[in-house]
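I opened my notebook to write down what I looked up, one step at a time. Come along and check each entry against the picture.

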Amino acid sequence: APAAAELTGELRIFLDTSNPAPRATMEAMIDQFAAQHPGLEIETTVIDREAYKTQIRNFLTADTPDVATWYAANRMKPYVDAGLFEDVSDLWAEPAIADNLASTKGAMTIDGKQWGVPYTYYQWGVYYRKDIFDELGLSEPTTWEEEISNCQKIVDSGRACYTIGTKFLWTAGGWFDYLNMRTNGFDFHQQLANGEISWEDDRVKQTFANWKQLIDMGAFIDNHQTYSWQEALPFMVNGDATAYLMGNFAVAPLREAGLSDDQIDFYQFVAINPDVELAEDAPTDTFHIPANAANKEAAREFLRFVVSPDVQTEINNGANLGQLPVNAQSSVDSDKFLNQGFEMLSSNSPGGVAQFWDRDAPAEMAKASMEGFQEFMVKPDNADRILAKLERARQRIYDN
Amino acid sequence: MSAVDVPEQESWFHRNQQRIAPWLFLAPGLLFFMVYVIIPVFQSFNLSLYEWDGLGAAEYVGFRNYEDLYWEWADRDAFYISLKNNLIWLLLYLAAIPAGLFIALFLNQTVWGIRLYKSLFFFPFVISQVVVGLVFTWFYDPTFGLLNEFLGFFGLGRLNVLGDERFVTYGIIFAGLWPQTAYCMILYLTGLNAVDPEQIEAGRLDGAKGARMLWHIILPQLRPATFIAFVVTIIGALRSFDLISIMTQGGPFGSSRVLAYYMFEVALSEYGFRMGYGAAIAVILFLIMLCFIAYFLWSMYREERGH
Amino acid sequence: MFPKPIEKQPRAAQITYKAMLPVALLLWLGPLLAVALFSIKPEADFTNANYWGMPSRFEGAFNYGQVFFNSDMPRYLMNSFLITIPTVLGCVALSSMTGFALGIYKFKSNIWIFFMFVAGNFVPFQILMVPVRDLTLELGLYNTKTGLVLFHIAFQTGFCTLFMRNFIRALPFELIEAARVEGISEWRIFWYVVLPLMKPAIAALSVLIFTFIWNDYFWAVVLTQGAESQPVTAGITSFNAQFRAAYQLMSAGSIVAALPPVAMFFLMQKHFIAGLTLGAVK
Amino acid sequence: MTGVTLNQAIKRYGQTQVIHGIDLQIEDGEFCVFVGPSGCGKSTLLRMIAGLEETSEGQIHIGARDVTDMDPAKRGVAMVFQTYALYPHMSVAENMGFGLRMNGVAKDEINKKVQEASNILKLDQYLKRKPKALSGGQRQRVAIGRAIVRGPEVFLFDEPLSNLDAELRVEMRVEIARLHNEIGATMIYVTHDQVEAMTMADKIVVLRDGRIEQVGAPMDLYRDPDNRFVAGFIGSPAMNFLDCDIVDGKIAHPALSEALVPTVNVPAGMTKVTLGIRPEHIEIDRSGDTCTVDLTEALGGVSYTYLLTPNGDKLIVEEREDQRSAQGERIGITFRPERTMLFDPESGQRFR
Amino acid sequence: MTGVTLNQAIKRYGQTQVIHGIDLQIEDGEFCVFVGPSGCGKSTLLRMIAGLEETSEGQIHIGARDVTDMDPAKRGVAMVFQTYALYPHMSVAENMGFGLRMNGVAKDEINKKVQEASNILKLDQYLKRKPKALSGGQRQRVAIGRAIVRGPEVFLFDEPLSNLDAELRVEMRVEIARLHNEIGATMIYVTHDQVEAMTMADKIVVLRDGRIEQVGAPMDLYRDPDNRFVAGFIGSPAMNFLDCDIVDGKIAHPALSEALVPTVNVPAGMTKVTLGIRPEHIEIDRSGDTCTVDLTEALGGVSYTYLLTPNGDKLIVEEREDQRSAQGERIGITFRPERTMLFDPESGQRFR
Ligand SMILES: Nc1ncnc2c1ncn2[C@@H]1O[C@H](COP(=O)(O)OP(=O)(O)OP(=O)(O)O)[C@@H](O)[C@H]1O
Ligand SMILES: Nc1ncnc2c1ncn2[C@@H]1O[C@H](COP(=O)(O)OP(=O)(O)OP(=O)(O)O)[C@@H](O)[C@H]1O
Ligand SMILES: [Mg+2]
Ligand SMILES: [Mg+2]
């Protein structure tokens, strides 16, 4: 962009991509941007992903950067409501974005305006040890019954079916997303997230009953409540567990840990209730311009740059983020998981695409419920008590 | 006498030097302390009457935050658990006092190298609680933790201390006891140094020995050390935050929360946006602490008057 | 001395005691030694579940190299120093003055101001969290080392004042009277008479505050973010997030983070212990 | 050089009055000693003169100047404290020169004065040392040196020797007396050691409960005390007091084999009187049997005999050398009537 | 009741020996005082008897029992410490009864004994108080009471009065002496105050550097010391020593107007001798002019005159009452030759 060459001043970018690979990717991308705009002085700050989540509200009000990463949907609502994010509807009116990013527009929209742009998204699904499946003579399941019977065989072989680390709670949210969407459908799930449905509703209870089935049969590894998601990886790597319901970002560390692509494979979470359409989690990570940013012009240019087709192709390829580009013009990397995921999201998710539980539900409810999920996973017999508690939380949280 | 030529015409400042001087000396410290400590305490009281997400405008809600706390209490919810855990912390943390005394007695000898031993025993107190938390997280790790190696060695079952809501608080307290015991140990070691040797000798002549000597003659003399150990331990227990934050983040499912952590969680953590609510929790914590502060000040007041 | 000196006890008891000392120490420092051991292991040991055995290879140089050259740790360490040292200086400066004022002068509100400092020192600092955070934001000092330093100075002044005041109280008051009779102004009494005598207290306090501030985690989390201003305690958590499950690196990082206060303790042991006991007692 | 005058000086701490209107004239160059039991207000009075305590009422003059509300530093006084109050971080020379230095006196001048003082006190070889490295006596000397350097008109001493051991105390006592002779300044000296008071003072001020009991030269107080308090306070071992009846104008006591004719006028109508007699003035009458020997203590050159009179009063008798009595022995006592003193049993006032 | 016997008792701390083979026999019921300069080993010896220090070599017997290696509590001794060593957290009664309580004596029995002891010491009304609330003298009395209650065979006192002020010291001294008379137990008493030693002891043991210099009754030591050390140590003010030349078998010193004929045999060939004469045995000869009056101190009943002899030696003369000399006056001295003592200047041994 010729006009952009005139950009000057300072551009401060805050990133939460603290893991080594994504961090390198983003830094490379920013270097590229910097090269295009020699007049800009770019300062990049990478903050630990978990810490970032608590710190964002501080830096949005003080010491504000010009660009910050965040997440779509409800997760950005408090900042939108507080007027801390810049309305970037103007960007979305530009054809380059309007046309190519249409699929994610909904996730970026609150009150009819757009508040940021996505830069990546990724599918969720079940990553599993193909070699172990083969060893046990199992094939990818498609129904709940198959899933259960597969799992039974795995458990019988002395393994756990699924690894998971729920110390930071959100991983349990993923399981809930899938179980509930498969049991009650996407719309119900969103209503629940919006506080429109009682947690003591029988349909919710059904979701939990399905979940309990897995728990009771010993499908999950023990002590998951003490592990982070990374700490749960070795179980799968070592073959103590065979599968991981996770976002695509799990692939990179699995590979790093020494699993070859022959050993890992991916399947879509199975259908449970045949009456509901399949829906998927595909969390979108986003860039925003804080309302207090100093150099909004450069920030906008940066956002344009990030979502441009080439950049999208580049940063999301398997060697980098290993995720899906948001721009329709971009090409998906040849990586088999990305392809499968892209395929799944674009053609086999008729019910809809959810952002993820903690992005769809308001923060407080997300916190309370995920804590409940964790407790449930440890003590499935407490289901009623937990649901009653969540119901009380719902009444209080949505009431305000 | 004086180099000044007009001794009788002293400036007003000079004449009132002794009256003004203390305030000048106090001013900077007092200002800082007021701005950063005293006023914020009252601000917190005030804030606890508001609902505020830390971003937008605050809304006055009267005592509703406290009401909510009450309901959480009544429902045995997070606040109840935090408060209960705080009590457990308070009680069990006190174990640092006898433990510290025990180690101090063990080390109160004059063999070669004992100074080094004493310093090494003191080590845990010097390192950050963050590191302590990390160390103990690994110690408890259900797969490879040293604890389970031990239990296995003695033929006992494995334990997931930090993953089990029955044990988690005790597990963290145990980790906290490690540095706290070291602290109490040092207090007692210095206390033992100051024990009047003639009283010990008088005790020996009176036929007191071993435990009876300890109970009747040594411990009463260690009262000042015990008092400080008590105060710092209580305060340590009520302030406990770092360990919980590092080891469990209040989990599993919130069962290891204490008030200090809980308020951080509701006000500033990833999903927490309830500043006013957090302030209300802090106020409760403050009120509990106030009992001990009052006790401490009272005994200090008595000391001051006694002199 | 109590208990009875071991050298006055039977030979067997002496030997047992001397043998028990190292054993007890090993047990006591076990967790820490384990971390030290972790920090020199190669990664392979962890994947091979060789957690507690001898390192298969000495990888200390590599691991610590990672910490120092391939992470933000050096910055965090630097930040810690830049936060801790000004805080220590500030605290000592403020509290020697407040301590002097409260220890030397008789005026009506003396004891109440003193109690205010003491009570403030014992306040659960969580109650300050929200207002202090807001204040720091308003001052534009959020996420700056200065913001952290200012708060630390203010909060520690409570403790330091208690400490200094008690120390000054224990000085012979005649020294001040002697100086007054000699016609020395109050400020000069403070500077030339009292301050030199407070050297041991200042030393003790400095070491103590150094450790307190170095080890602070809570306020680091509340008032700062990111590698440009966070101290090493907060840094270590991001470091750990970065190297999650790389135990050898996390261990090396922890050791590095723990080292300065430990070194401080060893160098200034006498003062440190004096600080712990003197401040609170008396 | 100037004297010190107190005029109705009063000191109150809050509600409690501890100094009750003291009138006192200390002459130029005089060595004045305040004595009295603990808590009688000696230190307070001294500190009022120094300016370390405010004077609640009354005036204090040093020479012709009214110093009542003056800053301590301006009064031209120097004080030597019981605990020496040396600045521990300064060398001896610095300690002595500190006051001058802070008041902007030139270095040379300071050095000269310090040199002079250390000559007087024989401290030359210690000038570089810190107080810690000095013995108690040397420290006390430095404290005095610090006072001398400032060339004050009045020296104030508050029990300067009570932290020294007996031997050193004697030595320093002699030294201070010599110093007074040498520089001739007015000195006010507080002590509760009556040997010090007796041996050093030109004038002793006996205080009691914030009031002056008597003022006078040491031997005057010894020989001619105004009241029972002063009589009992001055002299060691203390004067014996016997509560006697007046029978037919004569003084009767069971310890006395015969009643005494008083040598002074006892007011008419008195039926009781307190008789005072110093231990060294009693002689033992081995032929008598009015008293019982309770205990004897022989110190070599002198021995003390503790007697019980028939009515339970105690008496101490000082005997020379070998005339030791045996315990339980019954003996009589005699003394020359002119050696006795008579006091009003109520007010303690002496009859003369 | 039993005596105490030390047989070649030796104490070493590591390499340094502080008690060098003490042989001593203390009789049943005797009041034995250890005196000597600071650091001579008085406390160590006492503590060895108490069992608080191990005896490195030799034996200690109490009565017939060899207690050398016995536990302190079993020896039948009670000790009174210089600092009282009262348990601050116990009331007076508890303090006194603590030893019995530790030995399992019944409550009633303890109460009875505490009552008895407090009667003797007049402590009844303080039984409920904590030591903090007592005066120094009362505390000391409690410490003694605590010893009495245990009914020991031997009482040990380590400078029990040195923390009291002069007046109280005299009072308590008398009290302890009376107590000894009353209960008649063996008592061993350490002090460096020679008035205490002289007045209380049946037998004084003079120690120096861990060795016994002389053992004897107080007046024997005063009149007939074995050596210069004992002569100088016993008596106050201390004996004057003059370094004299022997000229033609006579003793010459510039302070003496004429040489003395020695009253004892001085070994032949000696050219120098130390002459000792007590202050109270010197008389001032106002017609003489050999000495200069350096200073005089009048204490009322007695006065001390400090003299300088022509060769710079110092002399103290004790004068009675009013015969005060003026400073600077030149006077002579005389004394009866039989009052002098002569010592070997090298070894300090007395010639008899
Ligand atoms: N700051 C004060 N407040 C109230 N009363 C005081 C204060 N200082 C001294 N006093 C009282 O004043 C009286 C005189 O005290 P002062 O110290 O002058 O006695 P003293 O004669 O020097 O005694 P000592 O011989 O023990 O030193 C005492 O009764 C004391 O309790
Ligand atoms: N624990 C010890 N180790 C080494 N030497 C010691 C020890 N205790 C005492 N001494 C030495 O033994 C000697 C005798 O000491 P002791 O206390 O018996 O003297 P003392 O006559 O009681 O003196 P004082 O009159 O000062 O009390 C001293 O030289 C002292 O230094
Ligand atoms: Mg006084
Ligand atoms: Mg001794």
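**Chain B and its partners**

I began with the record: UniProt, in an unreviewed entry, places the feature "domain: ABC transmembrane type-1" at residues 82-296 of chain B. I kept in mind that this is a predicted model. Next I looked at how that span is built, and residues 82-296 of chain B turn out to be 74% helix and 0% strand. The C-alpha atoms at the two ends of this span lie 25 Å apart.

**Where chain B meets chain C**

How many residues of chain B are in contact with chain C? I found 96 residues on the chain B side, and they touch 99 residues of chain C. I then looked up the area: the two chains bury about 9100 Å² between them, and 80% of that is on carbon and sulfur atoms. Which residues of chain B lose the most area to chain C? They are B:F25, B:Y36 and B:W138, and together they make up 10% of what the chain B side buries.

I also asked which helix of chain B gives the most to this side. My note says helix α2, residues 17-47, with 23 residues. Sorting the chain B side by residue kind, I got 75 nonpolar, 15 polar and six charged residues.

Then I turned to pairs across the two chains. For salt bridges between chain B and chain C, I wrote down zero. For polar contacts between them, I wrote down 12 residue pairs, with both residues at pLDDT 80 or more.

**Ligand 1 and chain D**

I moved on to ligand 1 and listed its surroundings, which include D:V18, D:C40, D:K42 and D:H192. D:Y13 has a polar side-chain atom 3.4 Å from a nitrogen atom of ligand 1. D:E159 also offers a polar side-chain atom, and that one lies 3.4 Å from an oxygen atom of the ligand. With D:G41 I had to look at the backbone: one of its N or O atoms lies 3.0 Å from an oxygen atom of ligand 1.

**Ligand 2 and chain E**

Which residues surround ligand 2? Among them I noted E:Y13, E:G39, E:T44 and E:H192. I checked three side chains here. A polar atom in the side chain of E:S38 is 2.5 Å from an oxygen atom of ligand 2. For E:S43, a side-chain N or O atom is 2.5 Å from an oxygen atom of the ligand. Last in my notes is E:K42, with a polar side-chain atom 2.8 Å from an oxygen atom of ligand 2.

Conventions
Residues are numbered from 1 along each chain as its sequence is written. Chains are lettered from A and ligands numbered from 1 in the order in which they are written. This is a predicted model: local features need pLDDT of at least 70, side-chain atom pairs count only at pLDDT 80 or more; totals for chains, interfaces and linings use all residues. Side-chain values use heavy atoms; hydrogens and water are left out. Contact means heavy atoms within 4.5 Å. Buried area is the accessible area (1.4 Å probe) that two parts lose on being put together, summed over both. A salt bridge is a side-chain nitrogen of Lys or Arg within 4 Å of a carboxyl oxygen of Asp or Glu. A polar contact is a pair of N or O atoms within 3.5 Å; within protein, one must be able to donate a hydrogen and the other to accept it, and residues adjacent in sequence count only if both atoms are side-chain atoms. Helices (H or I, at least four residues) and strands (E, at least two) are DSSP runs, numbered from the N terminus. Ala, Val, Leu, Ile, Met, Phe, Trp, Tyr, Cys and Pro count as nonpolar, Asp, Glu, Lys and Arg as charged, and the others, Gly among them, as polar. UniProt positions are given in the numbering used here, feature names are shortened, and annotations may be inferred rather than shown by experiment. A residue is near a molecule or strand if one of its heavy atoms lies within 4 Å of it.
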